[in-house]
Amino acid sequence: MKNLRVEIIEDDGLIALLLETLLEHMGHKVCATASTEAGAVDAAQRCQPDLLIADARLRSGSGISAVEAILRTRGRIPYLFVSGDIADITARLPAAITLRKPFREAALAKAIDSALEAAAAIL
């Protein structure tokens, strides 16, 4: 797997830090972390990520809506959701790659691979 520039969309600071640590351990670079829907869209414009990792629910806005807005403005970017409750995600985006919290590093790596494969299949 190539090294990716990753944007994390997560409003829980500890989970965002855990994701950042795991991603860096895998050789990726976290180019932005956003805790709100609006912040996520702005960060994507600035850092041009190769991958989005988002929580479905944010204190301010929705991770699902943030991903949809980013995809509308930036085109096809691989993405996956890391959430404690994936029902909202699968109802709105049935083909989305999801990873349920809590998770292990191996499961995160597998979800990233699946997101990259799904995006490549659409191109």
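This passage describes the sheet, the helix packing and selected residues of a predicted model.

The core element is described here as an open sheet of five strands. The strand order is β2-β1-β3-β4-β5, and the pairing is parallel. Strands β2 (29–34) and β5 (98–100) stand at the edges. Each has a single partner strand, so one side of each is left without a neighbour in the sheet. From one strand to the next, the twist averages 20 degrees.

The individual pairings can be followed across the sheet. β1 and β2 pair in the parallel sense over five bridges. Within β1 and β2, Arg5 stands opposite Lys29. β1 also pairs with β3, again in the parallel sense, over four bridges. Here Glu7 has Leu52 of β3 as its bridge partner. Strand β4 (residues 79–83) pairs with β5 over three bridges, also in the parallel sense. Leu99 in β5 is the bridge partner of Val82. In general, strands of a sheet pair through backbone hydrogen bonds, either parallel or antiparallel.

Helix α1 (residues 13–25) packs on this sheet. The helix touches β1 (5–9), β2 and β3 (51–54). The direction of α1 makes about 165 degrees with that of β1. Together, β1, α1 and β2 make a β-α-β unit, and the unit is right-handed. Burial of β1 is extensive in the following sense: four of its five residues are buried, so the strand is largely enclosed by the rest of the structure.

Helix α1 also packs against helix α5 (residues 105–122). The angle between them is about 75 degrees, and their axes are 11 Å apart. An angle of 65 to 115 degrees counts as roughly perpendicular. That makes α1 roughly perpendicular to α5. On the α1 side, the contact is made by Leu19, Leu22, Leu23 and His25. On the α5 side, Glu105, Leu108 and Ile112 take part. By class, the contact has five nonpolar residues, one polar residue and one charged residue.

Two residues of helix α3 (residues 63–74) were examined, beginning with Val67. Val67 has a relative accessible area of 1% and is buried. Leaving aside neighbours within four places in sequence, Val67 is in contact with Ile9, Leu52, Ala54, Tyr79 and Phe81. One of these contacts, Leu52, is also the residue of β3 that bridges to Glu7. The C-alpha atoms of Val67 and Tyr79 are separated by 7.7 Å. These two residues lie twelve residues apart along the chain.

Ser65 also lies in helix α3. Its relative accessible area is 17%. Buried means under 20%, so Ser65 counts as buried. Ser65 touches Glu37 and Arg92, with residues up to four places away in sequence not counted.

In helix α2, Ala44 was considered. Ala44 has 0% relative accessibility and counts as buried. Beyond residues up to four places away in sequence, Ala44 touches Glu7, Pro49, Ile70 and Arg74. Glu7 thus appears again, having been named above as the bridge partner of Leu52. Ala44 and Asp11 are 33 residues apart along the chain, and their C-alpha atoms are separated by 16 Å.

Two backbone features fall in loops. Gln48 is placed in the loop between α2 (37–47) and β3. Phi of Gln48 is near 50 degrees, a positive value in a residue other than glycine. With a relative accessible area of 37%, Gln48 is partly exposed. The other feature concerns the peptide bond from Lys101 to Pro102, which is cis. Its omega is near -10 degrees. Pro102 lies in the loop between β5 and α5.

Conventions:
Residues numbered from 1 in each chain as written. Predicted model: local features only at pLDDT ≥ 70, side-chain atom pairs only at ≥ 80, totals over all residues. Heavy atoms only, no water. Pairing = 2+ DSSP bridges. Axes fitted to C-alpha atoms, helices over the stretch in contact; angles between N-to-C directions. Contact = heavy atoms within 4.5 Å. Parallel < 35°, antiparallel > 145°, perpendicular 65-115°, else oblique. Nonpolar A, V, L, I, M, F, W, Y, C, P; charged D, E, K, R; others polar. Buried < 20%, exposed > 50% of the residue type's maximum accessible area, 1.4 Å probe, protein only. Right-handed = clockwise from strand over helix to strand, strands pointing away.
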